[in-house]
Amino acid sequence: RHGAVKKEDTFKTSPFHLDLWFYFTLQNWVLDFGRPIAMIILPLEWFPLNKPSAGDYFHMAYNVITPFLLLKLIERSPKTLPRSMVYVSIIMFVMGASIHLVGDSVNHRLIFSGYQHHLSVRENPIIKNLKPETLIDSFELLYYYDEYLGHSMWYIPFFLILFIYFTGCFTPVEEESRMPVAALLLMGPSSLYYWYLVTEGQIFILYIFTFFAMMALVMHQKRKGLVLDSNGLFLFYSFIITLVLIALWVGWLWNDKILRKKYPGVIYIPEPWAFYTLHMNNLHAAKESL
């Protein structure tokens, strides 16, 4: 059976997947983090507002490449993993990322019309004066598909696949529990991207539950005499550094009254793009007025 775990699987070892982790890091930074940046810096004449932007094409490439890399990562696991769950997760991932593509495309194009991400939909000057008022409901629906439904269907399967892969990253051989220099070099960019993913995607709850599940699994396997291999260590330490970066980010913006209003509640984690439209746009406007 695909989901069965063979006893001998536990004793297989897997070398550090430098190629896959490098491709993951590179495409995450270029195709995900770079999407809105490419849309902003490239001339508007090349990508009119009524056509897909450069960032949209980046997003399309991300929606194809990332599922492929996730499948290759699962294939390299030294442990037999539940294939049906992996395939369903990949399907959900593609659906969620595609929903997000549409909503995110429109929302980011609104920046050129004066939309401010640090404000809610109804508080934005370009939205609240729309007539008839039912149009505002349509924009709120778009925001829901982008920030809630799209993110949930995108990120839940993504973290689930990473966790499924993580369950196979244990070995009884202490020598295998070491990371090569390449892994240490990739850990910084990888952790920084996860910080962006968690803060911009507003998925701290999902991230922290995944991290706690990883910790519980590590402690459980340690009682059996098993330790993380180099790939498991890379993923686990990346999540730890991500948590530190999130704490620093929240601490830095803790007393920002405007962002506090945008993100009320117990869990206060501002989005980087909300910070950009609030502070960096103002800085750019001040420079241009000089």
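These legends accompany close-up views of a predicted model, starting with the whole chain and moving on to single residues.

**Figure 1. The whole chain, built from ten helices and two strands.** Follow the chain along its sequence and you will meet the pattern α-α-α-α-α-β-α-α-β-α-α-α. The radius of gyration is 21 Å, close to the 19 Å that the globule rule gives for 290 residues, so the chain is as compact as a globular protein of that length. Along the principal axes, the C-alpha atoms occupy a box of roughly 65 × 40 × 35 Å. Buried residues account for 47% of the 290 residues. Of the contacts between residues at least 6 apart in sequence, 79% link residues at least 24 apart. About 14,900 Å² of the chain is exposed, and carbon and sulfur atoms supply 68% of that area. As for charge, there are 23 positive and 22 negative charges, and their mean positions lie 6 Å apart.

**Figure 2. Two of the spans annotated as "transmembrane region" in UniProt.** The unreviewed UniProt entry lists residues 20–42, 57–74, 86–103, 154–173, 203–220 and 232–254 under this heading. Shown here are residues 57–74 and 154–173, both taken from that record. Residues 57–74 are 100% helix and 0% strand, with their end C-alpha atoms 26 Å apart. Residues 154–173 are 65% helix and 10% strand, and here the end C-alpha atoms are 35 Å apart.

**Figure 3. Glycine 96, a buried residue in helix H3.** Helix H3 covers residues 83–109. The relative accessible area of glycine 96 is 0%, so this residue counts as buried. Which residues does glycine 96 contact, leaving aside its neighbours within four places in sequence? They are Gly150, Met153 and Trp154. For a sense of distance, glycine 96 and aspartate 32 are 64 residues apart in sequence, and their C-alpha atoms are 14 Å apart in space.

**Figure 4. The cis peptide bond between lysine 131 and proline 132.** Most peptide bonds are trans. The bond joining lysine 131 to proline 132 is cis, with omega at about -5°. To find the spot, look in the loop between helix H4 (125–128) and helix H5 (134–166), where proline 132 sits.

**Figure 5. Methionine 179, in the loop between strand S1 and helix H6.** Strand S1 spans 170–171 and helix H6 spans 181–201. Not counting residues up to four places away in sequence, methionine 179 touches Leu184, Met187, Ser230, Leu233, Phe234 and Tyr237. One of these partners, phenylalanine 234, is 55 residues away along the chain, yet the C-alpha atoms of the pair are separated by 7.1 Å.

**Figure 6. Glutamine 202, a residue with positive phi in the loop between H6 and helix H7.** Helix H7 runs over residues 204–223. Most residues other than glycine have a negative phi. Glutamine 202 is not a glycine, but its phi is about 55°. Is glutamine 202 buried, partly exposed or exposed? Its relative accessibility is 36%, so glutamine 202 counts as partly exposed.

**Figure 7. Leucine 259, a buried residue in helix H9.** Helix H9 comprises residues 257–262. With a relative accessible area of 0%, leucine 259 is buried. Where do its contacts come from? Setting aside residues up to four places away in sequence, leucine 259 touches His118, Leu253, Tyr268, Pro270, Ala274 and Leu278. You can also locate isoleucine 269, ten residues away from leucine 259 along the chain, with 9.1 Å between the two C-alpha atoms.

Terms used: Residues are numbered from 1 along each chain as its sequence is written. This is a predicted model: local features need pLDDT of at least 70, side-chain atom pairs count only at pLDDT 80 or more; totals for chains, interfaces and linings use all residues. Side-chain values use heavy atoms; hydrogens and water are left out. UniProt positions are given in the numbering used here, feature names are shortened, and annotations may be inferred rather than shown by experiment. Helices (H or I, at least four residues) and strands (E, at least two) are DSSP runs, numbered from the N terminus. The radius of gyration is taken over C-alpha atoms; the globule rule is 2.2 Å times the number of residues to the power 0.38. Buried means under 20% relative accessible area, exposed over 50%, partly exposed in between (1.4 Å probe, protein chains only). Contact means heavy atoms within 4.5 Å. Accessible areas come from the Shrake-Rupley method with a 1.4 Å probe; for residues, only the protein chains shown count as cover. Lys and Arg count as positive and Asp and Glu as negative; His and the chain ends are not counted. The place of a charge is taken as NZ of Lys, CZ of Arg, CG of Asp or CD of Glu.
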